[in-house]
Amino acid sequence: MADEKRTLPPIDRVWNFFISVKLAIITLIILSVTSIIGTIIEQNQPPEKYHQIYEDWAFALMDRLTLFDMYHSWWFLLLLVLFTVNLSCCTLDRFPKMWKVVRNPRTKLDENLEKTLSLADRWKKKGTLQDWTAKYSAALSSSFAKPMVTDEGNEVHLYAETGVASRFGVYVTHLSIIIIFIGAILGNVFGFKGFVNIPEGEAVAEVPVRGGDQTQDLGFSIRCNAFSLETYPSGQPKAYKSDLSVIEGGREVLRKTIVVNDPLQYKGIWFYQSSYGQAGGATAQVAVARKDGTPMGSLALAANEDVRVDGYGIVRGVNYDQDLQGNGPALQVVVEKPGQPAASFWLYQGRPDLDRQRNDSLVFSFGGLASKMYTGLQVAKDPGVNIVWLGCALMTIGIIMAFFLSHQRVWVRLSPAQDGRVEVVLAGSASRNRLAFEKRFEKIQTGVKAAGQ
Amino acid sequence: MSNVILFNLTTVLFGVASALYLVALYANNEKISAFGSWVCILAAVVSTAALGVRWYESYQMGIGRIPVTNLYESLVFFAWSVNLFYLVVEKKYGSRTFGAFVMPIAFATMLFAVYNDSSIQPLVPALQSYWLHAHVITCFVGYAGFAVSAGAAVMYLLKARQEASHVSEGVVGLLPACKTLDDLVYRTIIWGFPFLTAGIITGAAWANYAWGTYWSWDPKETWSLIVWLVYAAFLHARITRGWHGKRAAVLSIAGFLATVMCYLGVNLVLSGLHSYGGG
């Protein structure tokens, strides 16, 4: 055996290496053990963070081995390639043989086959070969499956099978893994993943791509009209909502309010609600009216920033109190009119008419603080994702075929015995779950034997 | 909350069932183990009712969600799955000795659950999805299958050692034959494996819908893949290379340890996207 191995041409030795299940098991174990590393060492963190944890020499070594981004390292990808090549070779090696066996089943129960089958029974019957062939065919049809009859004149063979698909389960499963990998590669090559923050009222047409300095042009722009946060009575977040518009050619072509688990999709690009925050400081909303009550619009006052009101002067918000002297939220405003000393006064949110007492040409009322929010969106385009789902569906089907179907075969041989009777041999085998098949075989046995009684 | 009272009762019942099975094993008394089976069935009824009540109570609180979303709930759901999976196996194999090795897993899980926060909290936005149901249920049926398999593997190792020294006395002598145990180790895995596969796939689909990435090598994802790879190795070794008995049993136990790491270790030790460990 060892000699034979040594004399094999190199190409065959390489082939034999790649078609071995031993290699598959070793690769599976190595993949699972090495995968652990990346769950212990946090991946893709900034270098400063690693320097805090590890000594310099350890950092250098781990960096060298790409342990900080190990799932994309050359050696891990090499393991995945090895895994795929092994899988493909095993399939290419075994599938044709299996196909042959399935296409040309052994329909005759000869002596050699009989010896290999542990489930077998034999008995003798009075009558003719043809008579019993017809009876047993019918019995087999009703208790198992319709048999194929091979009449060789002095001997008749019946052959019936079920669950032949179970033989293909393993190939469907293996193929599904390759399909998933193809989908993943397509997604990586032709897709992108990005992240962008959009302040309320603003739009972006390109997004920074994750893990690089590049940006991706969307081909349209996406605007955040508004962001809102809903909370449960307990204060825990209930929903993050972004009202988004897709703008193409200067027109709004799509509008949708997205939440986590309900993204927006346009032209194959998906936008996912991911985070949020405050864009800049808060502004005080101040409504302005004439003395006679005619509304003049409103001002948004940022802290200590001058806002000019034409024909009046400069207005500035300088202070805010959540509860001024027990009268609720209030805003302190400074007004500078040309040629007059600056006037400072408080506006109460809860008492909008109080400012009339100042007897000025304009009346201000404080409507509360508003803060501008931004929404954080994951942006993704993945043209391979449907191929991945196809692979996943096939994998589920393949595994069920492989484990829950069983290729069960039953043979019957009828031949003339020396005493003039008909000798009958019944035998069966199953590719899986032999214990269950033993019970089924007993039923078939009873069914067949009962025929013609 | 009445659901918690019912879960506490379940814990007691699991404890009683475990004790009965163990006593039955030592005393070689079929009546006691039959009583154990009835306690298991009662526990199944009580725990199912508890899950239902908890679900109902969440609606009464204005939250309204399936009770599988934090550590407490996932632990009781795991124990519930193990108990049901065990009852199916007991019925199918007609042997009650497995109970002494499987029910303590359910009992220990419930004991651990009792020490966790059992209040019903509202769902954070990330968990508000229909994928939650499919993902959690498939994963936990898979985990339960692996737990039963590991229990059988431990029994196998005990039994095989005894058979090797040609003794058939004592407690181990009452265990089912090696052949049966070996078969059980394998057959529970071929049930667990497709469910784990479905669990990983539904998790990937959900992640894609929530974050735009079906796979991001998050520790939880990676550990689920590790578990999957270990059982894939088991199945290849078993089917094509004829690994039976001891080696298969050891691999099954290794797989279950990886499962425990995936389920609990990742949340308690590592950090990642599956937040329930923090709760």
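In this predicted model, A:Asn44 counts as exposed, with a relative accessibility of 52%. The cut-off for that label is over 50%, so A:Asn44 belongs in the exposed class. The residue sits in the loop of chain A that runs between helix H3 (21–40) and helix H4 (47–53). Its backbone deserves a glance as well: phi of A:Asn44 is near 55 degrees, a positive value in a residue other than glycine.

A second asparagine invites a look alongside it. For A:Asn359, phi is near 60 degrees, again a positive value in a residue other than glycine. A:Asn359 is found in the loop between S15 and S16 of chain A, and at 55% relative accessibility it counts as exposed.

The strands on either side of that loop lead on to the interior space of the model. One cavity of 30 Å³ or more is present in the structure, and the largest cavity holds about 30 Å³ of space. Strand S15 (343–348) and strand S16 (362–381) of chain A each contribute at least two residues to its lining. The largest share, three residues, is supplied by S15(A). The lining comprises A:Trp346, A:Leu347, A:Tyr348, A:Arg351, A:Pro352, A:Leu354, A:Asp355, A:Phe364 and A:Ser365. By residue class, six of the lining residues are nonpolar, one is polar and two are charged.

Elsewhere in chain A, A:Ala160 offers a contrasting environment. This alanine is part of strand S3 (residues 156–162) and is buried, its relative accessible area being 1%. With residues up to four places away in sequence set aside, A:Ala160 touches A:Leu140, A:Phe144, A:Ala145, A:Lys146 and A:Pro147, and also A:Gln408, A:Arg409 and A:Val410. One of these partners, A:Gln408, is 248 residues away along the chain, yet the C-alpha atoms of A:Ala160 and A:Gln408 are separated by 8.4 Å.

Attention turns finally to the meeting of the two chains. Here 50 residues of chain A are in contact with 47 residues of chain B. Together the chains bury about 4100 Å², with 70% of that area on carbon and sulfur atoms. Three aromatic side chains stand out on the chain B side: B:Tyr209, B:Tyr214 and B:Trp217 account for 17% of the area that chain B buries against chain A, more than any other three residues. As for charge pairing, zero salt bridges are found by the rule across the interface of chain B and chain A.

Terms used:
Residues are numbered from 1 along each chain as its sequence is written. Chains are lettered from A and ligands numbered from 1 in the order in which they are written. This is a predicted model: local features need pLDDT of at least 70, side-chain atom pairs count only at pLDDT 80 or more; totals for chains, interfaces and linings use all residues. Side-chain values use heavy atoms; hydrogens and water are left out. On a 1 Å grid over the protein atoms alone, a cavity is a set of points where a 1.4 Å probe fits but cannot get out, and a pocket is an open set with protein on both sides within 12 Å along at least five of seven lines; lining residues have an atom within 4 Å of a point. Grid points are joined across faces, edges and corners, and a volume is the space filled by probe spheres set on the points. Helices (H or I, at least four residues) and strands (E, at least two) are DSSP runs, numbered from the N terminus. Ala, Val, Leu, Ile, Met, Phe, Trp, Tyr, Cys and Pro count as nonpolar, Asp, Glu, Lys and Arg as charged, and the others, Gly among them, as polar. Buried means under 20% relative accessible area, exposed over 50%, partly exposed in between (1.4 Å probe, protein chains only). Contact means heavy atoms within 4.5 Å. Buried area is the accessible area (1.4 Å probe) that two parts lose on being put together, summed over both. A salt bridge is a side-chain nitrogen of Lys or Arg within 4 Å of a carboxyl oxygen of Asp or Glu.
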